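Thanks, everyone. I'd like to walk you through one structure this morning. Let me put it on the screen.

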Amino acid sequence: MGKALIIGAGGVASVVVHKCCQNPDVFEEICIASRTVEKCEALKNKLDGGRTKIQTAQVDADNTDEVIQLIKSFGPDVVINVALPYQDLTIMDACLATGVHYLDTANYEPPETAKFEYSWQWAYKKKFEEAGIMAVLGCGFDPGVTGVFSAYALKHYFDEIHTIDIVDANAGDHGYPFATNFNPEINIREITANGRYYENGEWIETPPLSEKKVYDLPEIGLKDIYLLYHEELESLAKNITGIKKIRFWMTFSQNYLTHLKVLENVGMTSIEPILFEGKEIIPLQFLKAVLPDPASLGPRTKGKTNIGIIAQGTKNGEPKNYYVYNVCDHQECYREVGSQAISYTTGVPAMIGAMLMIKGTWMKPGVYNVEELDPDPFMELLNTKGLPWQEDFSPTLLD
Ligand code: NDP
């Protein structure tokens, strides 16, 4: 049916590649392209022999012309960008130049400032409309499935949603004193930033990790959850009509937070360049180099993740509450695709989004966040492609 160009060959890309190969009727051909071509070849060697034809290519996705050349030579229907957020705009430019659809899992970040905002990518809306091509932004789990869950809740259970709490829990244990579950640079940038949430048309800032609650999560149990800013809050506050309050919560263990505090206090999480032995280095990038590679955590991680949304609102004038969540087991993911649940829960939705685009189910020119698209076909595929979800109509609410 179609061809996908997958850019990146890290933890998430590996899951995308596995899942595309499990669905050869849709993904007849894929090209895995990344900065380090050996990683693409290693993935190809693992999966070659199935019905999906696999090519590899070396590409520096910071360079639009290189991406354009690659798109022209491979001729994909869609580009799945699972490199880093720094490459979003160069890849979108290449898609515009070649008339090819685009999907990613994280919003554009300029390398020098951590902003977590969609402004740069939303600015492409008109250009994509005029070119007759589609961009789907943030199609991982969070952002991604959390937006689909929100759209599904609104479509089926509410007349108005007033409050959404996104709760992201990882009860996985990898046995290292400290490691991040995905790209450490992106992960630490996110956590050390101020918390922020949306209430009554305003954004309210909180000091990093200062808002804490305890929540009893299905299949995981009681966990400390901390208020963070997360990029889907921006698009959901805009796209879920009638929303008054939206917050994002993530679990962290005391041990994780203690390590993070020390690293922060000694300056290792800074993204300000420093001079080291005559060379400029960015402390956070150096820290990434000494921490365990997230891709190596797969075989060691035990336990489950639970990510979902708790929505409060009204239906037929009556108050209504709804919790929808997915529980994912790290070791089951590893058995299936050789990666832990964090990469799995991001890679599966990226594959599903690309599948819906290739099939034409999700297809309209422009730039969209997932909650602007029909959630039903996506929810069906979550159940059949590895991320089944559960519902609770009387959840405990967060005050
Ligand atoms: P990794 O660091 O494991 O992989 C990133 C890959 O991108 C590497 O293969 C890297 O190549 C490649 N890359 C980096 N720069 C370039 C470049 N200039 N040109 C070509 N390739 C490049 O990250 P993850 O797989 O963990 O994350 C991938 C994306 O998924 C990130 O954007 C992350 O923010 C996002 N994400 C989204 C989540 C969600 O739920 N929405 C959750 C988790 C992650 P090399 O091997 O040479 O370094």
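Let's start with a loop. P143 sits between β6, residues 134–137, and α7, residues 145–156. Before we go on, a reminder: this is a predicted model. Now look at the bond that leads into P143. The peptide bond from D142 to P143 is cis. Its omega is near 10 degrees.

Stay in that part of the chain for a moment, at F141. A polar backbone atom of F141 lies 3.0 Å from an oxygen atom of the ligand. How much of the ligand's accessible area does the protein cover? On its own the ligand has 930 Å², and the protein covers 92% of that.

So much for coverage; who are the neighbours? There are 28 residues around the ligand. The ones that come nearest are V12, R35, T36, K39 and A61. Take K39. One of its polar side-chain atoms is 2.6 Å from a ligand oxygen. G10 makes a contact through its backbone: a polar atom there lies 3.2 Å from an oxygen of the ligand. What is the shell made of, by residue class? It has 13 nonpolar residues, ten polar and five charged.

Next, backbone angles. Two residues here have a positive phi without being glycine. L209 is one, with a phi of about 55 degrees. Find L209 in the loop between β9, residues 202–206, and β10, residues 212–217. Is L209 buried or exposed? Neither label fits: its relative accessibility is 22%, so L209 counts as partly exposed. The cut-off for buried is under 20%.

E219 is the other, with phi near 65 degrees. Follow the chain into the loop between β10 and β11, residues 221–228, and you will find E219 there. E219 has 46% relative accessibility, so this residue counts as partly exposed too. Exposed would need over 50%.

Last stop: helix α13, residues 341–359. Does its length agree or disagree with what its residue count predicts? With 19 residues at 1.5 Å a residue, α13 should span 27 Å. The end C-alpha atoms are 27 Å apart, so the two agree.

How covered is the helix? Mostly: 18 of the 19 residues in α13 are buried. Now the ends. At the N-terminal end, Q340 acts as the cap. A side-chain oxygen of Q340 lies 2.8 Å from the backbone nitrogen of I342. Just after α13 comes G360, with a positive phi of about 85 degrees.

That's the tour. Over to you.

Note on methods. Residues are numbered from 1 along each chain as its sequence is written. This is a predicted model: local features need pLDDT of at least 70, side-chain atom pairs count only at pLDDT 80 or more; totals for chains, interfaces and linings use all residues. Side-chain values use heavy atoms; hydrogens and water are left out. Helices (H or I, at least four residues) and strands (E, at least two) are DSSP runs, numbered from the N terminus. Buried means under 20% relative accessible area, exposed over 50%, partly exposed in between (1.4 Å probe, protein chains only). The expected span of a helix is 1.5 Å times one less than its number of residues. A polar contact is a pair of N or O atoms within 3.5 Å; within protein, one must be able to donate a hydrogen and the other to accept it, and residues adjacent in sequence count only if both atoms are side-chain atoms. A residue is near a molecule or strand if one of its heavy atoms lies within 4 Å of it. Accessible areas come from the Shrake-Rupley method with a 1.4 Å probe; for residues, only the protein chains shown count as cover. Ala, Val, Leu, Ile, Met, Phe, Trp, Tyr, Cys and Pro count as nonpolar, Asp, Glu, Lys and Arg as charged, and the others, Gly among them, as polar.
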